[in-house]
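Open your viewer and keep the selection tool handy. We will go from one stop to the next, with a selection to make at each.

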Amino acid sequence: MNEAKIDEKEEIGKTQFTKDVEEFMPSPHVSTDIYEIEATSGDLSLLSKYHYKFKEEYRATHVIRPGNTEELSKLMQKCDEYSLPMTLRAAGTSCYSASTPTKGGVIIDFRRMNKVHNIDKEKMVVKCDAGISWQKLMEELLEYGLAPKCYPTSYRASCVSGFVATSGKVGVGVLKNGSMKDILRSIVFVKPDGSTETITRESQGDLSLDDVIGSFGIFGAVAEVEMEVTSLKTSLEMVGYSFHTFKMAIEFFRTLKNSDASKPLFLSLSDKHFEKYAHWTFPSRDYFVYAVYSDDPSATSQSVSFAKETASKLDGLSVEEWYLKEKWRDMADTELNVGRWCENLIFQEYMVSDGRIEDFYNFYTETSKEKYRHAFYMMSGAKGENRVKLFGLSNIKDSREFFGIKAVFNDITKNNYENGDSLYTLGVVNTFYFLKYNPEKAAALLAMKNKLDPKDLVNSYRLVKAKMRTWRMGLLFWIAKRLFKTMKTI
Ligand SMILES: Cc1cc2nc3c(=O)[nH]c(=O)nc-3n(C[C@H](O)[C@H](O)[C@H](O)COP(=O)(O)OP(=O)(O)OC[C@H]3O[C@@H](n4cnc5c(N)ncnc54)[C@H](O)[C@@H]3O)c2cc1C
């Protein structure tokens, strides 16, 4: 077949939608390739893989990568015209099917929208495309002696838009400099019908910046972001202490967190299982608190002295410096490393308030003790907030274990909501909890969703409508718990 014939054949195979989109976008970025669709349909939690692989109606037909706001706006307008569902996706690291398709249609991959538009060193503000990765943004800011005020520990891959849409409440810099809500100045937003709006802190339109933060993309797409940045600090030091008891470790964690004079850039508390799975080796005692300080040299050294004094009062054992340095260097990989120790990694992320951490931990140990391989990792957010990530390591050969661990996490989730806390990341698979425990908030979000997206085309089945039925999940977990119990008594 000659080249002209191949071109003609390819052209005939294309749908009218594809041809229309190629009128305003380069064709290599309008993909119907099944491998590209697969690559952008899953995430690290296993359920989305199951859904898109085996449920035909979930699978998208296109992956389209707009390069700028104009292309994005035209694309969303075209999807709206054809009534095609849209799934907004940045790096896909948020899990729980937050950025995977549920109704077919088009996956809009934001990673080509990765340019910095302006860096204002005087005002300490950056304007950039929303699909830029934190890593790339950091590299560009570095040239100006600046750095992001906050970012997730997944910064190597994850993008600015993903942190905005998942709430950006916990990560590096949040405790010291504020969360996404504090630092966002304005966004360029594309609504489901393709119309574009700039939303600032003063905007009086349908949506405020706060509505978009943590909205999991249900109202439309963040195209560009303007946010505050900070100056690059001249000194960075880490401290790490291990403790015999959770009580001592949490007291140390809380004292460092609440000290106004020396706020850590990053603060975590983990158990020895997490340290072992994430770093191959681990401190000698059961609990480990890790803090990173970054400031000018005198402020950093005062913070380190404060941590040292506090630790000595609580019988903390200092951990060797090489370990602390490696932990910082490998920050983006630690959570992923746990997955290397098993065939099926199960995890759930909880938002736990400062005052409830001990209760949460006690409930977790009661429900999990010796039943399965597990790990505990807690990262500080702003004052009062923490993200606890629980891991369950299961083996593919025994599905009773897999579902049994899921049932344990379900109990912990219910207990957490019943005591006034919540899950950290929702996405498709966790939305049924949100609907059950936050019905009023969900109803308000639904009213806004119906106004902005009456055809329910964008990021369906997050926050306002669930794929899973609560009673079905309850029954599944009930059976799973009993089977898991039998397995443990055999
Ligand atoms: C190793 C590891 C470490 C992590 N550490 C942290 C952490 O410190 N703090 C934390 O909060 N999370 C953390 N996470 C979770 C995750 O990385 C973050 O939520 C991250 O911000 C998601 O970014 P992403 O680019 O991968 O977004 P995605 O996962 O692609 O998307 C997240 C959500 O945003 C929506 N979305 C994406 N782009 C847009 C857009 N342009 N407009 C509107 N909606 C959009 C998606 O539809 C989806 O609902 C971690 C995950 C891993 C695997």
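Start by selecting K78 and E81 and showing their side chains: the two meet in a salt bridge, at 3.3 Å from N to O. Now add helix α5, residues 69-81, to the selection. K78 and E81 are three residues apart in this helix, so about one helical turn separates them. Keep in mind as you look that this is a predicted model. If you like salt bridges, there are others to look for, as a search of the whole structure finds 35 of them.

Next, colour the chain by domain. The domain assignment gives domain 1 as 15-109, domain 2 as 112-231 and domain 3 as 235-422. Hide domain 1 for a moment and look at the other two. Between the C-alpha centres of domain 2 and domain 3 the distance is 27 Å.

What meets at the interface of domain 2 and domain 3? Twelve residues of domain 2 are in contact with 22 residues of domain 3. Together the two domains bury about 1,500 Å², with 64% of that area on carbon and sulfur atoms.

Stay at this interface and select D295 and K176. Their side chains form a salt bridge, with N and O 2.9 Å apart. Across the interface of domain 2 and domain 3 there are three salt bridges, and four residue pairs are in polar contact. On the side of domain 2 that touches domain 3, you will find five nonpolar, four polar and three charged residues.

For the last stop, turn to the aromatic rings, where the count comes to 28 pairs. Select F347 and F391, a tilted pair with 6.5 Å from centre to centre and 50 degrees between the planes. Then show strand β15 (residues 344-353), which holds F347, and strand β17 (residues 385-394), which holds F391. The pair therefore ties together parts that are 44 residues apart in sequence.

Technical notes: Residues numbered from 1 in each chain as written. Predicted model: local features only at pLDDT ≥ 70, side-chain atom pairs only at ≥ 80, totals over all residues. Heavy atoms only, no water. Domains from an automatic or database assignment. Contact = heavy atoms within 4.5 Å. Buried area = accessible area lost by both parts, 1.4 Å probe. Salt bridge = Lys/Arg side-chain N within 4 Å of Asp/Glu carboxyl O. Polar contact = N/O pair within 3.5 Å; in protein donor to acceptor, adjacent residues only side chain to side chain. Nonpolar A, V, L, I, M, F, W, Y, C, P; charged D, E, K, R; others polar. Phe/Tyr/Trp six-rings, centres within 6.5 Å; stacked < 30°, edge-to-face > 60°. Helix = DSSP H or I, 4+ residues; strand = E, 2+ residues; numbered from the N terminus.
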